[in-house]
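Here is a short set of exercises to work through with the coordinates open beside you. Try each task first, then compare your route with the worked solution.

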Amino acid sequence: MNNITLDVPVDLNYLTWQQPMIANVPSMDQLVVVETGIGKGSEFLINHYKHVYSFESNWSSEWYDLCTKTKHANWSTLFYDLNRTDVYIDALTAFLGDVKIDVALVDHACKGDHHPDPTRRGDLAAHFMKLGVKHIFVHDYPHGNYYWSVSDTAADEYGYYNINVKHSTGYYTKK
């Protein structure tokens, strides 16, 4: 297990996805995880997973720069500037390339109605379902202002079911 500390502010409400992840994902140290968003929770992922891909989006890189001052061999990061005009999911897909992702943590997306790209957290969850990612966690679930809504149609189409894990986190796993 790694031992990295990120010197960034923390609000424990932003880390409530960790307990459901620990309870539902065995052998994390053998798996690859992608997170949309970056912050103190990235520290947990870096310290528990084989490799972490962190894809941060925001209107400025200030938060990203603060979070990525500490580097680690098992951590790949990319900043997506919301001033860009390309499609968020396309940029995320290019960042990941053909890496096999075992776990996805959807904790961020485009800025909803404030951005020309309408990608929401639910859209990202459906995208990861389409890719066949075994474990998908959607944080801030089901708070509508975070655009979390995951289509039941997508879950059925791609063979996933939702497990109620509380802690404001939706958990989808392959049937």
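**Exercise 1. A pair of helices**

Please keep in mind throughout that this is a predicted model. Work out how α4 and α5 pass each other, and which residues make the contact.

*Solution.*
Step 1: begin with the handedness. The crossing of α4 over α5 is right-handed.
Step 2: list the residues on each side. From α4 come Tyr88, Ile89, Leu92, Thr93 and Leu96, while α5 offers Asp123, Leu124, His127 and Phe128.
Step 3: sort them by class. Six of the residues in the contact of α4 with α5 are nonpolar, two are polar and one is charged.
Step 4: turn to the geometry. The two axes, of α4 and α5, come within 11 Å and cross at roughly 40 degrees. That angle makes α4 oblique to α5, because oblique covers angles that are neither under 35 degrees, nor over 145, nor from 65 to 115.

**Exercise 2. Covered helices**

Decide how far α5 and α2 are enclosed, and name their buried residues.

*Solution.*
Step 1: recall the cut-off, which for a buried residue is under 20% relative accessible area.
Step 2: apply it to α5. Eight of its eleven residues are buried, so α5 is largely enclosed by the rest of the structure. The buried ones are Arg121, Gly122, Leu124, Ala125, Ala126, His127, Phe128 and Met129.
Step 3: look just past the end of α5, where Gly132 has a positive phi of about 85 degrees.
Step 4: do the count again for α2, residues 40–48, where seven of nine residues are buried and the helix is mostly covered. Those buried in α2 are Gly41, Ser42, Glu43, Phe44, Leu45, Ile46 and Asn47.
Step 5: ask what does the covering. For the buried residues of α2, the cover includes α1 (18–24), β1, β2, β3 (75–81) and β4.

**Exercise 3. The nonpolar core**

Find the largest nonpolar core and say which elements build it.

*Solution.*
Step 1: keep the general expectation in mind. In soluble globular proteins, nonpolar side chains tend to be buried together.
Step 2: size up the core. The largest nonpolar core holds 30 residues, and Phe128 and Ile136 have the most contacts inside it.
Step 3: assign it to elements. Two or more residues each come from β1 (32–36), β2 (51–58), α4 (88–96), β4 (103–106), α5 (121–131), β5 (135–139) and α6 (152–158). The largest share, six residues, is given by α4.
Step 4: check for a second core. Apart from the largest one lies another, of 25 residues, including Val25, Ile38, Cys67 and Val103.
Step 5: zoom in on Ile136. Setting aside residues up to four places away in sequence, Ile136 touches Ala104, Val106, Ala125, Phe128, Met129, Tyr160, Gly170, Tyr171 and Tyr172.

**Exercise 4. A loop with an unusual phi**

In the loop between α1 and β1, examine Ser27 and Asp29.

*Solution.*
Step 1: most residues other than glycine have a negative phi.
Step 2: compare Ser27, which is not a glycine and yet has a positive phi of about 55 degrees. With a relative accessible area of 48%, Ser27 is partly exposed.
Step 3: move to Asp29, whose relative accessibility of 47% makes it partly exposed.
Step 4: look for partners distant in sequence. Beyond residues up to four places away, Asp29 touches His48, Tyr49 and Lys50. The C-alpha atoms of Asp29 and Lys50 are 4.8 Å apart, although 21 residues separate them along the chain.

**Exercise 5. Buried or exposed?**

Classify Lys175 and Leu15, then find their contacts outside the sequence neighbourhood.

*Solution.*
Step 1: place Lys175 in the segment after β7 (169–174). Its relative accessibility is 62%, so Lys175 counts as exposed.
Step 2: leaving out neighbours within four places in sequence, Lys175 contacts Asp156, Gly159, Tyr160 and Tyr161.
Step 3: place Leu15 in the segment before α1. Leu15 has a relative accessible area of 15%, so it is buried.
Step 4: with residues up to four places away not counted, Leu15 touches Val10, Lys40 and Gly41.

Note on methods. Residues numbered from 1 in each chain as written. Predicted model: local features only at pLDDT ≥ 70, side-chain atom pairs only at ≥ 80, totals over all residues. Heavy atoms only, no water. Core = buried A, V, L, I, M, F, W, Y, C linked by side-chain atoms within 4.5 Å. Buried < 20%, exposed > 50% of the residue type's maximum accessible area, 1.4 Å probe, protein only. Helix = DSSP H or I, 4+ residues; strand = E, 2+ residues; numbered from the N terminus. Contact = heavy atoms within 4.5 Å. Axes fitted to C-alpha atoms, helices over the stretch in contact; angles between N-to-C directions. Left-handed = near helix turned anticlockwise from the far one by under 90°. Nonpolar A, V, L, I, M, F, W, Y, C, P; charged D, E, K, R; others polar.
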